[in-house]
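Work through the exercises below with the sequence and the model open. Try each task before reading its solution.

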Amino acid sequence: MTFPDALRLLELFHARDYAQARPHLYFKSLKSDTWVRPKGMRVFPANLEIGILDMEQEQGETIACRDVGFGLW
């Protein structure tokens with residue numbers, strides 16, 4: 001699955017309002033080697049990086065686009 005595919009799938013679940021079983025987007029944190037559900041996300045096109053803010057720890061991390069791992073749970 002590509003990143004645009006994952007975003008389309010999230011939009012589909014949001015449009016149908018599956019409140020209980022809606023998947024969430026997670027990213028693989030390179031710092032902690034764990035999956036992180038972002039509270040916020042920014043894309044830095046000049047650097048080809050994605051900045052994520054961890055929902056639980058309130059810590060930010062910048063990951064190069066080529067190193068980003070993502071999943072839906």
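**Exercise 1. Is Lys28 buried, partly exposed or exposed, and which residue does Lys28 meet in a salt bridge**?

Solution.
- Keep in mind that this model is predicted.
- Lys28 has a relative accessible area of 23%. Buried means under 20% and exposed means over 50%. Lys28 is therefore partly exposed.
- The salt-bridge partner is Asp33. The closest N and O atoms of Lys28 and Asp33 are 3.3 Å apart. The cut-off for a salt bridge is 4 Å, so the pair qualifies.
- Asp33 has a relative accessible area of 55% and is exposed.

**Exercise 2. How many salt bridges are there, and which residue does Arg66 meet in one**?

Solution.
- The count is 3 salt bridges. The pair Lys28 and Asp33 is one of them.
- Arg66 meets Asp67, with 2.9 Å from N to O.
- Arg66 reaches 72% relative accessibility and counts as exposed. Asp67 reaches 36% and counts as partly exposed.
- Asp5 and Arg8 also form a salt bridge, with their closest N and O atoms 2.8 Å apart.

**Exercise 3. Trace the contacts around Asp5. Why are Asp5 and Arg8 separated by about one helical turn**?

Solution.
- Asp5 and Arg8 lie in helix 1 and are 3 residues apart, which means a separation of about one helical turn.
- Asp5 is partly exposed, at 32% relative accessibility.
- Asp5 has a further contact. Its side chain joins that of Thr2 in a polar contact of 2.9 Å.
- Thr2 lies in the segment before helix 1, which spans 3–16. Thr2 is partly exposed, at 41% relative accessible area.
- Now look along the chain from Thr2. Thr2 and Phe70 are 68 residues apart in sequence. In space, their C-alpha atoms are 9.2 Å apart.

**Exercise 4. In what order do the 3 strands of the open sheet run, and which strands stand at the edges**?

Solution.
- The order is 3-4-5, and the pairing is antiparallel.
- Strand 3 (38–44) and strand 5 (60–64) stand at the edges. Each has a single partner strand, so one side of each is left without a neighbour in the sheet.
- Neighbouring strands of the sheet are turned by 20 degrees against each other on average, direction ignored.
- Strand 3 pairs with strand 4 (residues 49–54) over 6 bridges, in the antiparallel sense.
- To check the register, find Val43. Its bridge partner in strand 4 is Ile50.

Conventions
Residues are numbered from 1 along each chain as its sequence is written. This is a predicted model: local features need pLDDT of at least 70, side-chain atom pairs count only at pLDDT 80 or more; totals for chains, interfaces and linings use all residues. Side-chain values use heavy atoms; hydrogens and water are left out. Helices (H or I, at least four residues) and strands (E, at least two) are DSSP runs, numbered from the N terminus. Buried means under 20% relative accessible area, exposed over 50%, partly exposed in between (1.4 Å probe, protein chains only). A polar contact is a pair of N or O atoms within 3.5 Å; within protein, one must be able to donate a hydrogen and the other to accept it, and residues adjacent in sequence count only if both atoms are side-chain atoms. Two strands pair if DSSP finds at least two bridges between them. Axes are lines fitted to C-alpha atoms, for helices over the stretch in contact, and angles run from 0 to 180 degrees between N-to-C directions. A salt bridge is a side-chain nitrogen of Lys or Arg within 4 Å of a carboxyl oxygen of Asp or Glu.
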